[in-house]
Amino acid sequence: MRNLTILDVQAANLPESPSLQPASGPAICVDVVNKAVYALVNDSDGSALLCSVHLNTADSAAESGEARRVCTLPFSLASGAGILASNMQFLMERESIFVALRTGDIFTVHIGSHGDSEAPELVGTVDPGIVACAWSPDEELLALVTGEARLLLMTQEYDVVDEFPLAQGQEGEEAPVALGWGKRETQYHGKAGKAAALGSSEPATENEIVNARLDDGEDDGQTRISWRGDGAFVAVSFIAQSGAREMRVFSREGRLHSIAEPIEALKHTLSWRPSGRLIAVTEKLDHRHDVVFFERNGLRHG
């Protein structure tokens, strides 16, 4: 593993010292082209304030250690996690900031070339609410999970191109195929010997492989979305009706591609390797916390 090294630190005071809300979703995004960081914070009157900090010394506000007010959005963060953004992302192609709220409202704020902004625009509302969403790397498709556990795929114009339940089907296009190695009693078991052959051949039940139920206190219960680097597939980690966490992979066209094989204690962390071959999750065991990799077909790697 390569060590991470801090190259530079820049601090900025938020306008009128508003306090960041404890988030159930990110309230910060970065414009990597113009080297600017945008954050949603509580203004002094309780409204949602969008402010920015430019990460170059040529910016006078950055030199003075002050964040700059961009605009005020028409909702309040004072109620806490019930209203806080489930996703905030800077869209480079459209030079705008995308903000999705758990209430279902979606706002965009266009940022000009000089950092000035237009008035926030309410582009739509998802009635069941939004629990998670993420734009594809090419910013052409928005994957959005509603409060009714349905996955929506939307275009740049926020038109729905597909909608389906997360728990659709039990097998994806890449479901593993059994090769048929005969009866358990006639297979070779190495040092385990005959005792292994005579052991129970019943598959593990849902109670034996629980995939991180919520009552262990280690899972935040939130839905996670991660796109593959080329935008061809999207992985979704969510809590199923059984109370166990599942991870499923869907194609860009909305077809169920695979369902991850059960592991003992799957947790909420989810990230697709940029080059596309492996999906990283975590597993919390009694004695350690592991990083686990899955293939695109849902099988555990290594």
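## Report on a predicted structure

In this predicted model, Cys71 has a relative accessibility of 12% and therefore counts as buried, the cut-off being under 20%. Cys51, at 2% relative accessibility, is likewise buried. The structure holds zero disulfides.

Another buried residue is His268, with 18% relative accessibility. His268 belongs to strand β17, which covers residues 266–272. When residues up to four places away in sequence are left aside, His268 touches Glu218, Asp219, Asp220, Gln222, Arg224 and Arg245.

The description now turns to the surface. Val30, Val32, Val33 and Met92 make a nonpolar surface patch of about 370 Å². Within this patch, Val32 lies in the loop between β1 (28–31) and β2 (36–42). Val32 counts as exposed because its relative accessible area of 55% is over 50%.

The loop between β1 and β2 also holds Lys35. Most residues other than glycine have a negative phi. Lys35, however, has a positive phi, near 55°. Glu95 also has a positive phi, near 50°. Glu95 is placed in the loop between β5 (85–91) and β6 (96–101), and is partly exposed with a relative accessible area of 38%.

Salt bridges form the next topic. The structure holds nine of them, including the three listed here.

| Acidic residue | Basic residue | N to O distance |
|---|---|---|
| Asp138 | Arg252 | 3.0 Å |
| Glu295 | Arg277 | 3.6 Å |
| Glu253 | Arg255 | 3.9 Å |

The salt bridge between Asp138 and Arg252 links distant parts of the chain, 114 residues apart. Asp138 is in the loop between β9 (130–135) and β10 (142–146), while Arg252 is in the loop between β15 (245–251) and β16 (256–259). Asp138 is partly exposed, with a relative accessible area of 28%. Asp138 and Arg252 also belong, together with Glu140, to a network of salt bridges.

The side chains of Glu295 and Arg277 meet in another salt bridge, and this pair links parts of the chain that are 18 residues apart. Glu295 is in strand β19 (residues 289–295), whereas Arg277 is in the loop between β17 and β18 (278–284). Arg277 is partly exposed, at 47% relative accessibility.

In the salt bridge of Arg255 with Glu253, Arg255 is partly exposed with a relative accessible area of 43%, and Glu253 is partly exposed at 47% relative accessibility.

Technical notes
Residues are numbered from 1 along each chain as its sequence is written. This is a predicted model: local features need pLDDT of at least 70, side-chain atom pairs count only at pLDDT 80 or more; totals for chains, interfaces and linings use all residues. Side-chain values use heavy atoms; hydrogens and water are left out. Patches are made of residues with over 30% relative accessible area and no salt bridge: like charges are joined within 9 Å, nonpolar side chains (Val, Leu, Ile, Met, Phe, Trp, Tyr) within 5 Å. Accessible areas come from the Shrake-Rupley method with a 1.4 Å probe; for residues, only the protein chains shown count as cover. A salt bridge is a side-chain nitrogen of Lys or Arg within 4 Å of a carboxyl oxygen of Asp or Glu. Helices (H or I, at least four residues) and strands (E, at least two) are DSSP runs, numbered from the N terminus. Buried means under 20% relative accessible area, exposed over 50%, partly exposed in between (1.4 Å probe, protein chains only). Contact means heavy atoms within 4.5 Å. A disulfide is a pair of cysteine sulfur atoms within 2.5 Å.
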